[in-house]
Amino acid sequence: MTRRSFAAHAAGLAAAPFLASPLLGRSAGGSSRPNILYIMTDDHAAQAISCYGSRINQTPNLDRIAKEGMRMDRVFATNSICTPSRATILTGKYSHMNGVPVFNRFDGSQPTVAKMLQQAGYYTAMIGKWHLGSNPTGFDYWNILPGQGVYNDPTLYDKDGSTVYKGYATDIIADITMDVLKNRPKDKPFFMMSHHKAPHREWTPDEKHRKQFAGKHIPEPSNLRDDYAGRTDALHEQKQSVFRDLTRRDLKIPPPPGLSRMELQKWLSVKPAEVEIEVDGVKKTLTGKELEDWKYQRYMQDYLACVQSVDDNVGRVLDWLDANGLKDNTIVIYTSDQGFFLGEHGLFDKRFMYEESFRMPFLVRWPGVIRPGSTSGAIGINCDFAPTFLDAAAQPAPKDMQGRSFLPIWKGKTPRDWRHAMYYRYYHDPGDHNTRAHYGVRTETHKLIYFWKKDQWECYDLTADPMEMHNIYNDPKAQKTVAMLKKELYRLKKEVKDDDQFADKQPQDSSYVQAPPLKKQ
Ligand SMILES: [Ca+2]
């Protein structure tokens with residue numbers, strides 16, 4: 001929609017009282033059940049989306065979903081890494097209930113929202129990054145990246161074998177999404193999961209967006225040089241530091257010629273303490289603070305360039321829906337499997353229960369049901385997604401799903417008994433980044449984190465200290481608050497049936513798979 005027609009649309013809504021009528025959302029074809037297009041990226045932080053107040057980039061197409069629908073401000077992953085978040089989204093259950101606490105294989109024989117929607121007469125499709133080890137179940141069509149997949153000329157595979165697609169992964173996943181929608185059976189509503197690889201590490205942009213961000217200066221977060229004073233051992237021990245842990249591969253440093261494949265892999269995995277760059281034909285060696293500044297810029301330039309390609313492609317898909325008469329009866333969601341640190345606390349990656357990492361962006365458009373330009377501060381979790389999709393399809397959610405439908409929130413009526421706190425648990429320790437295992441509770445105003453293997457605690461007042469720099473756990477003035485939070489933490493832990501099932505021993509990592517052989521042409 002153009003700016004002008006959006007204004008006209010908004011004016012029309014303002015003139016007539018807004019009613020969330022059950023008739024609204026009914027398609028021209030007479031089906032009252034809406035289509036669901038669920039677009040999810042990998043590691044896209046809300047602080048890199050302009051409608052969430054980004055200081056570092058502009059995402060006009062993602063903003064368009066918020067302008068035409070709702071921006072949810074407090075949706076959180078219950079275990080902030082790829083495979084567990086995806087398993088939770090499909091099952092509506094916490095990691096300890098669906099059996100995926102780390103990067104282990106998802107048991108696809110268990111009930112999932114895809115199977116339930118398929119059973120209810122939906123055409124179900126899954127495209128792009130899956131990362132659950134086992135093949136998708138409950139989808140009429142699926143075509144996925146093996147494991148993480150690659151950015152350029154990616155291989156995707158379906159039940160019949162692999163295909164190499166020439167081009168850039170983000171463009172390709174959007175193209176296949178539109179192709180499948182074009183060729184879908186038209187007598188059924190659809191549930192489409194369109195999952196991008198971007199902007200996952202190692203943040204390889206396409207040439208157009210790389211150029212757009214090359215040389216751009218990205219403002220640093222105020223706590224890029226956090227000294228971790230007053231915090232537990234976990235922040236001191238992590239290996240996800242922008243300054244210390246980015247590799248030559250991450251920083252896109254060109255390798256010397258003549259290396260064997262093995263030598264090249266080894267060379268690229270080095271975390272460089274000095275880097276030689278060339279400015280206007282003059283070579284210069286960067287070390288110390290100069291190198292740190294440069295690393296942050298290189299990281300963010302590539303990350304944001306990958307995001308920009310996502311934004312363009314979401315715009316293409318929205319245009320396609322609108323041009324094909326699918327706007328009114330299609331719920332469009334944009335989210336990410338978790339957030340990401342963009343230098344906050346000096347970090348990249350996710351895993352920690354700090355805001356930037358475990359907060360999921362969540363934008364949703366549903367014309368006639370969701371008031372354009374609305375926002376919600378209700379606390380949502382990724383267990384809520386499956387019950388929400390089922391509710392939209394007028395299907396009951398099984399009792400053992402651990403989330404609640406967002407539909408009343410979307411309609412502007414947050415239930416009085418909606419949750420005021422959520423429970424989190426991360427297990428992958430030491431994992432790829434030596435991130436310490438922890439569980440915790442986040443309320444509307446506070447957060448309490450327990451690093452159980454260390455027996456150490458952190459507590460934050462999110463209103464007074466939104467950047468989570470001051471651990472008030474031992475502050476005498478905070479003891480009443482800490483005690484209340486502890487009570488709530490253990491109440492929730494019990495409520496979600498976390499009996500420490502995976503506290504001491506986690507399953508083997510097994511969500512990375514090889515693509516099957518290429519299909520015969
Ligand atoms: Ca992820």
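The following legends describe close-up views of a predicted model.

**View 1. Calcium ion and its protein donors.** The calcium ion is coordinated by Asp42 (OD), Asp43 (OD), Cys82 (SG), Asp337 (OD), Asp337 (OD) and Gln338 (OE1), at 2.1 to 2.7 Å. The angles among the six donor atoms run from 52 to 162°, and the site is irregular. Along the chain, the donors are spaced as D-D-x38-C-x254-D-Q. Cysteine 82 belongs to helix H3 (residues 82-91), while glutamine 338 sits in the loop between strand E10 (330-336) and helix H13 (355-358); the pair therefore ties together parts that are 256 residues apart in sequence. Both cysteine 82 and glutamine 338 are buried.

**View 2. Surroundings of lysine 129.** Lysine 129 is part of strand E3 (residues 123-129). Its relative accessible area is 0%, so lysine 129 is classed as buried, the limit being under 20%. The side chain of lysine 129 makes a polar contact of 2.2 Å with that of aspartate 42, a residue that is also among the donors of the calcium ion. Beyond four places in sequence, the residues touched by lysine 129 include Cys82, Arg86, His195, His196 and His200.

**View 3. The largest nonpolar core.** This core comprises 112 residues, and those with the most contacts inside it are Phe191, Tyr299, Tyr303, Phe362 and Trp410. Helix H12 (residues 288-323) supplies the largest share, 16 residues. Outside its neighbours within four places in sequence, tyrosine 299 is in contact with residues including Trp203, Val242, Leu246, Phe340, Phe341 and Phe348. A second, separate core has 46 residues, among them Leu347, Phe352, Tyr426 and Leu462.

Terms used. Residues are numbered from 1 along each chain as its sequence is written. This is a predicted model: local features need pLDDT of at least 70, side-chain atom pairs count only at pLDDT 80 or more; totals for chains, interfaces and linings use all residues. Side-chain values use heavy atoms; hydrogens and water are left out. Donors are N, O and S atoms within 2.8 Å of the metal (3.2 Å for Na, K and Ca); water is not among the atoms, so sites may look incomplete. Four donors count as tetrahedral if all angles lie between 85 and 135 degrees; four count as square planar and six as octahedral if opposite donors are over 155 degrees apart and all others between 65 and 115; anything else is irregular. Helices (H or I, at least four residues) and strands (E, at least two) are DSSP runs, numbered from the N terminus. Buried means under 20% relative accessible area, exposed over 50%, partly exposed in between (1.4 Å probe, protein chains only). A nonpolar core is a set of buried Ala, Val, Leu, Ile, Met, Phe, Trp, Tyr and Cys residues joined through side-chain atoms within 4.5 Å. Contact means heavy atoms within 4.5 Å. A polar contact is a pair of N or O atoms within 3.5 Å; within protein, one must be able to donate a hydrogen and the other to accept it, and residues adjacent in sequence count only if both atoms are side-chain atoms.
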